[in-house]
Amino acid sequence: MKVLEVLDCFYPNLDGPIEVAVGLARTFKEKGFGEMELLVPDYPERVGVEGVNIHRCRSVRSNGNYRAAVPAFDGRVKKLIKKGGFDVIHLHSPFTLGRYALKIARKYSVPVVFTMHTKFRDEFEKRLKSKSLRKFMMNYIMKCINGCGAITTVSRGTVETLREYGYEHCDKVLVIPNASSMTPETADAEVTKKIRGDLGLDKTFAFAYVGRLVATKNVDFSLRVLSEVKKRGGEFKFVIVGNGEYEKTLRGLASKLGIENNVIFVGAVSDKKLLASYYSACDVLLFPSVFDNASIVILEAAANSLPVATIEGSCSAERLENEVSGFVWANDEKIWADEILKILAAPEKAQRKRAAGGALSRVYVGWEDIAEEYFNLYKKLL
């Protein structure tokens with residue numbers, strides 16, 4: 001079987017759909033299911049992936065470090081889909097490259113799968129001031145989604161998001177959760193030890209955040225919670241791994257709250273072994289995002305026995321059981337502060353240890369089983 005995965009973003013950006021597409025492509029081949037190739041926007045810095053054939057479409061500069069593909073001005077894309085011998089096209093985003101791939105695939109009777117990763121309306125409301133433009137963009141992406149032969153989502157909550165968007169066939173949507181390419185063996189014990197020493201984590205409890213620094217991730221919620229924890233005598237460090245447009249705001253808020261000496265901004269870490277060691281160096285990952293549908297970060301943390309605290313009712317909470325495989329708390333800063341103080345006060349941090357073991361055994365999942373689910377879906381379409 002030959003499959004073409006299509007994304008509207010790629011490395012050097014660090015994004016969940018990129019990790020999903022790459023992890024799926026590698027495992028698909030390793031399991032003997034067939035070949036998966038990627039079609040992505042071209043970037044000035046061309047980052048390759050060992051063992052994966054990557055096709056690049058002409059692009060122009062977009063927001064931040066992203067690129068917008070312009071497939072209508074790149075004849076290679078049409079030729080690739082027409083003559084590439086692909087059995088299935090798998091879209092991971094519904095924008096210019098995804099829509100164009102859908103158009104050409106339908107012309108040549110190639111079945112198309114779309115995977116819903118993102119709460120698009122939330123993004124549009126944050127970035128677009130014009131109500132009419134937001135409406136136009138929602139119609140734009142829904143035209144792509146409605147045109148696909150099969151839809152998958154990465155969590156149960158994402159099915160409800162599709163229903164809110166007006167998708168009429170939610171009963172046919174297949175939920176296939178994300179997996180992690182990071183394994184429990186990825187971290188280096190010596191590197192982890194060095195990180196703890198360099199960051200001063202040996203004698204204090206270390207919270208972590210890993211991901212893009214954008215408003216939708218709700219990192220400011222964590223800062224306000226930890227400010228209250230400090231006021232009530234809690235001792236900790238908060239290690240923030242990532243970068244983005246919101247970093248300056250977060251630094252200012254930490255200073256305003258009087259916890260700037262407790263917060264460590266590490267910057268983005270792209271090397272997986274080093275990133276795994278950062279996870280391993282910390283005690284609890286704070287992830288109060290209600291935006292994410294199925295963050296890869298939660299799975300990577302679980303691979304390193306790092307329990308995650310997230311908000312009750314969020315998509316991220318679907319995988320977690322409170323105090324068994326993570327921490328699930330109401331969307332209330334006072335409750336979070338109360339619960340964190342309980343963890344800090346517990347003898348030998350017993351709650352944290354129990355949740356750490358549960359994270360590894362109950363939350364972590366590799367790509368082997370997930371790749372097989374996609375393979376079975378593709379077979380049904382054919």
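Helix α3, residues 96–107, is a good place to start in this predicted model. Helix α3 lies across strands β1, β2, β3, β6 and β7, and it runs at about 160° to β6. A companion to look for is helix α2, residues 75–83, which lies across β1 (2–6), β2 (35–41), β3 and β6 (88–91). Helix α2 runs at about 140° to β3.

Now turn to the sheet beneath your eye. It is an open sheet of 7 strands with parallel pairing, and its order is β3-β2-β1-β6-β7-β8-β9. Which strands stand at the edges? They are β3 (53–57) and β9 (174–175); each has a single partner strand, so one side of each is left without a neighbour in the sheet. Further in, you can follow strand β7 (residues 112–116) as it pairs with strand β8 (residues 150–153) in the parallel sense over 4 bridges. Within this pair, V113 stands opposite A150 in β8.

Next, the nonpolar cores. The largest one has 98 residues, and the members that touch the most others are F10, F207 and F238. Take F238 as an example: leaving aside residues up to four places away in sequence, F238 touches F207, A208, Y209, V219, S222, L223, L226, N262, V263, I264 and L286. Apart from this core lies another, of 38 residues, with C57, I89, C144 and V159 among them.

Finally, let us visit the charged side chains. The whole structure holds 22 salt bridges. One of them joins the side chains of R127 and E245, at 4.0 Å from N to O. R127 lies in helix α4 (residues 120–127) and E245 in the loop between β11 (236–241) and α9 (247–257), so the pair ties together parts that are 118 residues apart in sequence. Are these two residues buried or exposed? R127 is partly exposed, with a relative accessible area of 39%, while E245 is exposed, at 55%. The two also belong to a network of salt bridges that links E123, K126, R127 and E245.

Another salt bridge joins R232 and D338, whose closest N and O atoms are 2.7 Å apart. Because R232 lies in the loop between α8 (219–231) and β11 and D338 in helix α12 (residues 333–345), this pair ties together parts that are 106 residues apart in sequence. R232 counts as partly exposed, at 40% relative accessibility.

Our last stop is the salt bridge between the side chains of R354 and E323, at 3.5 Å from N to O. R354 lies in helix α13 (residues 350–363) and E323 in the loop between β14 (308–311) and β15 (327–329), so parts that are 31 residues apart in sequence are tied together.

Methods: Residues are numbered from 1 along each chain as its sequence is written. This is a predicted model: local features need pLDDT of at least 70, side-chain atom pairs count only at pLDDT 80 or more; totals for chains, interfaces and linings use all residues. Side-chain values use heavy atoms; hydrogens and water are left out. Two strands pair if DSSP finds at least two bridges between them. Helices (H or I, at least four residues) and strands (E, at least two) are DSSP runs, numbered from the N terminus. Contact means heavy atoms within 4.5 Å. Axes are lines fitted to C-alpha atoms, for helices over the stretch in contact, and angles run from 0 to 180 degrees between N-to-C directions. A nonpolar core is a set of buried Ala, Val, Leu, Ile, Met, Phe, Trp, Tyr and Cys residues joined through side-chain atoms within 4.5 Å. Buried means under 20% relative accessible area, exposed over 50%, partly exposed in between (1.4 Å probe, protein chains only).
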